[in-house]
Amino acid sequence: MSFKKDYEDATTRLTAPEGKFRLVGVDNWEAPFPSDFLIGDYGSLEDATKAGKAARERYDENIELLIYNDEGDFIKEIKE
């Protein structure tokens, strides 16, 4: 696999559907590279943030909880 292909795959996975916000978990301890998983797509940033705070209780600190918009832009990390 090429770096370009890996980047394009990640961008596709992280981009929310139009008008939505995507909450993803990222396991930085997954060898040899970080792995991400979809938690859900939400109609508002507020809803995605609430879901992220609830998910924070289920996952340890090694899992980053990140929100992206429908353009694939990183919006925020849920820390607590």
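The exercises below, each with a worked solution, concern a predicted model.

**Exercise 1. Describe the overall make-up of the protein: how many helices and strands are there, and what pattern do they follow along the sequence?**

Solution.
- Step 1. The protein has 2 helices and 4 strands.
- Step 2. Taken in sequence order, these elements give the pattern α-β-β-α-β-β.
- Step 3. Of the 80 residues in the protein, 28% are buried.
- Step 4. The exposed surface comes to about 5,500 Å², and carbon and sulfur atoms supply 52% of it.
- Step 5. Among contacts with a separation of 6 or more, 46% are between residues 24 or more positions apart.

**Exercise 2. Check the length of helix α2 against its expected span, then work out where its buried residues lie around the axis.**

Solution.
- Step 1. Helix α2 covers residues 45–56, which is 12 residues.
- Step 2. At 1.5 Å a residue, the helix should span 16 Å, and because its end C-alpha atoms are 16 Å apart, the two values agree.
- Step 3. The buried residues of α2 are A48, T49, A51, G52, A55 and R56.
- Step 4. These residues cover an arc of only 165 degrees around the axis, so they sit on the same side of α2.
- Step 5. The spacing has a general basis: an α-helix has 3.6 residues a turn, so residues three or four places apart point the same way.
- Step 6. E46 and K50 are exposed and lie on the face of α2 turned away from the buried side.
- Step 7. The partners of the buried residues of α2 are β1 (21–27), β2 (35–42), β3 (63–68) and β4 (74–78).

**Exercise 3. Is T49 buried or exposed, and what does T49 touch?**

Solution.
- Step 1. T49 belongs to helix α2.
- Step 2. The cut-off for a buried residue is under 20% relative accessible area. T49 has 12% relative accessibility and therefore counts as buried.
- Step 3. Its side chain reaches the backbone oxygen of L45 at 2.8 Å.
- Step 4. Setting aside residues up to four places away in sequence, T49 touches I67, K76 and I78.

**Exercise 4. Which residues make up the largest nonpolar core, and which elements give two or more residues to this core?**

Solution.
- Step 1. The largest nonpolar core holds 8 residues: L23, A48, A51, A55, I63, L65, I67 and I78.
- Step 2. Two or more of these residues come from each of α2 and β3.
- Step 3. Another core, of 5 residues, lies apart from this one and includes V24, V26, L66 and Y68.
- Step 4. As a general background, nonpolar side chains tend to be buried together in soluble globular proteins.
- Step 5. I63, one of the residues of the largest core, is in contact with G25, V26, D27, F37 and R56 once neighbours within four places in sequence are left aside.

**Exercise 5. Place I75 and N28 in the fold, classify their accessibility, and give the C-alpha distance from each to a residue remote in sequence.**

Solution.
- Step 1. I75 lies in strand β4, and N28 is in the loop between β1 and β2.
- Step 2. I75 has a relative accessible area of 33%, so I75 is partly exposed.
- Step 3. N28, at 36% relative accessibility, counts as partly exposed.
- Step 4. I75 and F21 are 54 residues apart in sequence, with 8.9 Å between their C-alpha atoms.
- Step 5. Beyond four places in sequence, I75 touches F21, L45, I67, Y68 and N69.
- Step 6. N28 and N62 are 34 residues apart along the chain, and their C-alpha atoms are separated by 6.5 Å.

Conventions: Residues numbered from 1 in each chain as written. Predicted model: local features only at pLDDT ≥ 70, side-chain atom pairs only at ≥ 80, totals over all residues. Heavy atoms only, no water. Expected span 1.5 Å × (residues − 1). Buried < 20%, exposed > 50% of the residue type's maximum accessible area, 1.4 Å probe, protein only. Arc of directions from axis to C-beta. Contact = heavy atoms within 4.5 Å. Areas by Shrake-Rupley, 256 points an atom, 1.4 Å probe, with all protein chains shown as cover. Core = buried A, V, L, I, M, F, W, Y, C linked by side-chain atoms within 4.5 Å. Polar contact = N/O pair within 3.5 Å; in protein donor to acceptor, adjacent residues only side chain to side chain.
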